Amino acid sequence: SRSEITYWGAGPALLPTDVLEEAAKALLNYNGTGLGIAEHSHRSALATDIINQAKADLAACLDIPDDYEVLFMQGGGTGEFSAAVYNFVGAWVVRKYKEIFGDVQGDAADHPELLEKLKQAVENELKVDYLVTGGWSQKASAEAERLLGSKHVNVAADARKANNGKFGIIPDEGSWNLSKDAAFVYYCDNETVDGVEFPGFPKSLEPGPDGKGPIVVADMSSNILTRKIPVKNFSAIFFGAQKNLGMTGITVVVLKKSFLPPSLSQPPVALLRTLGLPVPPIIFQYETIAKNNSLYNTLSIFDVYVAGQVLKKMLRTYPNKVEGQQAVTEQKAELIYGAVEAFPEVYRVIPDKTARSRVNVCFRVTKGGNVDASEKAFLEQATAQGLTGLKGHRSLGGIRASNYNSVPLEGAEKLANFIRAFATS
Ligand code: PMP
């Protein structure tokens, strides 16, 4: 039964049982309306209330400042690989246009010499910077290359180059080759597959004393709501809901409002075409989603509701919000790493200690020298004890324990005990 299992899968992840029990009732009859929550119109007042409450609770949990907007989107983290490119390249074009055209009125096509200057700027200066530290940031940079062409994509750091061709470290910041005026600098805060996590916000991306700094976009799909983050340092943070927030089906974008109207509107489609730049599908245009309070088209209100219940539970459980969760996350991670590291002749943590993830704990079982056989035995015995979902990603192999928020402290104790017992058996 459910209570006998501690699930360590990388996502979708465990959801709190009490949240699911309430959600099951809400699916049949939401708040006595006689209609389930997945049946109500996304345009109803009830749906809007659910969206607004979830936005407010997310802002409370993460201390999101007022000059940020929360968007609920579709298309997953993968969709955001594309959306980030469209929206921030659009913002870069608007910025360059203003620089070149100044107060000149009328249509861009009426000023061929200025338009030519803008074309040259796009041709020679447009860059998006990627810090490639694992499989997911690698995929994101590949999508940018697909959309823009590789000459506009600057891989400012590639962890494999400094680590014998393998992921497992965060390259030293001194080696990062950041562009002068990048449309954005992109990184993945926690690499779910490789078990690599940035220890904190990168020093070289911090804003200066004037508050100005690079435009930073981060993928926090697997470690959002596991630690406090300096939201004001980011232009956008995105994450799929399915690991620490809720169910698959919604993707959250926390976006600095200065990238939205009235501060900034995306360039006209005709200008993008003239410049040979991709035109964003309407569903990936942040300003469209923001203008419609995430209801440009039919959104799964059930998914937003479940996320909202998870956030309410976090606020009830931890008066100091995400910092309370962070303490527990770190306690669980220390239990697991502690058990693994106690037996260096049996286990080997895959990433370097300076960059290892608190959330996806990746290690090999080397007992007796036969890795395949000992990992098979490890997984079989773990499963027999109700510790499931521990098989590592197919690209990396080994064991991966995904220490998401719904895994209780007792679950981590159980896993740590098993790791010790297996080592000495
Ligand atoms: N980024 C990270 C860090 C992820 O872990 C994942 C999914 N595991 C994705 C992006 C892709 O997300 P999705 O499957 O929602 O597209």
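# Exercises on a predicted model

Apart from neighbours within four places in sequence, Ala-54 has contacts with Val-304, Ala-307, Gly-308 and Leu-311; two residues are in contact if their C-beta atoms, placed from the backbone, lie within 7 Å. The model is predicted, so local features need pLDDT of at least 70 and side-chain atom pairs count only at pLDDT 80 or more, while totals for chains, interfaces and linings use all residues. Residues are numbered from 1 along each chain as its sequence is written.

**Exercise 1.** Find the helix that holds Ala-54, and decide whether Ala-54 is buried or exposed.

*Solution.*
- Step 1. Ala-54 belongs to helix H2, residues 45-62. Helices (H or I, at least four residues) and strands (E, at least two) are DSSP runs, numbered from the N terminus.
- Step 2. A residue is buried if 20 or more other C-beta atoms lie within 10 Å of its own, exposed if 12 or fewer, and partly exposed in between; C-beta atoms are placed from the backbone.
- Step 3. Ala-54 has 28 other C-beta atoms within 10 Å, and therefore Ala-54 is buried.
- Step 4. Ala-54 and Lys-312 are 258 residues apart in sequence, yet their C-alpha atoms are 8.5 Å apart in space.

**Exercise 2.** Check the length of helix H3 against its number of residues, and locate its kink.

*Solution.*
- Step 1. The expected span of a helix is 1.5 Å times one less than its number of residues.
- Step 2. Helix H3 (residues 76-101) has 26 residues, so it should span 38 Å. The C-alpha atoms at its ends are 37 Å apart, which agrees.
- Step 3. A kink of about 25° is centred on Ala-83 in H3. The bend at a residue is the angle between axes fitted to the seven residues ending there and the seven starting there.
- Step 4. After H3 comes Gly-102, with a positive phi near 50°.

**Exercise 3.** Give the strand order of the seven-stranded sheet, and say which strands H3 touches.

*Solution.*
- Step 1. The order in this open sheet is E2-E10-E9-E8-E5-E3-E4, and the pairing is mixed. Two strands pair if DSSP finds at least two bridges between them.
- Step 2. Strand E2 (68-73) and strand E4 (153-158) are the edge strands, each pairing on one side only.
- Step 3. From one strand to the next, the twist averages 20°. Axes are lines fitted to C-alpha atoms, for helices over the stretch in contact, and angles run from 0 to 180 degrees between N-to-C directions.
- Step 4. H3 packs on the sheet and touches E2, strand E3 (128-132), E5, E8, strand E9 (236-240) and strand E10 (251-256). The direction of H3 makes about 160° with that of E9.
- Step 5. Strand E5 (residues 184-188) pairs with strand E8 (residues 216-219) in the parallel sense over four bridges. Cys-188 has Asp-219 in E8 as its bridge partner.

**Exercise 4.** Describe the three-stranded sheet, and say which way the residues of strand E14 point.

*Solution.*
- Step 1. The strands of this open sheet follow the order E11-E12-E14, with antiparallel pairing.
- Step 2. Strand E11 (347-349) and E14 are the edge strands, each pairing on one side only.
- Step 3. E11 and E12 are joined by three bridges, and Val-349 has Phe-363 in E12 as its bridge partner.
- Step 4. Strand E12 (residues 360-365) pairs with E14 over four bridges in the antiparallel sense; Val-361 stands opposite Ala-401 in E14.
- Step 5. In a regular strand the side chains alternate between the two faces of the sheet.
- Step 6. In strand E14 (residues 399-402), Ile-399 and Ala-401 point one way, Arg-400 and Ser-402 point the other way, and all are buried.

**Exercise 5.** Two peptide bonds and two phi values need a second look. Place Pro-12, Pro-262, Asn-164 and Lys-321.

*Solution.*
- Step 1. Most residues other than glycine have a negative phi, and most peptide bonds are trans.
- Step 2. Gly-11 and Pro-12 are joined by a cis peptide bond with omega about 5°. Pro-12 lies in the loop between strand E1 (6-7) and helix H1 (17-28).
- Step 3. The bond from Pro-261 to Pro-262 is also cis, with omega near 5°; Pro-262 lies in the loop between E10 and helix H6 (269-275).
- Step 4. Asn-164 has a positive phi near 55° and sits in the loop between E4 and E5. With 8 other C-beta atoms within 10 Å, Asn-164 is exposed.
- Step 5. Lys-321 has a positive phi near 60° and sits in the loop between helix H8 (301-317) and helix H9 (322-341). With 19 other C-beta atoms within 10 Å, Lys-321 is partly exposed.
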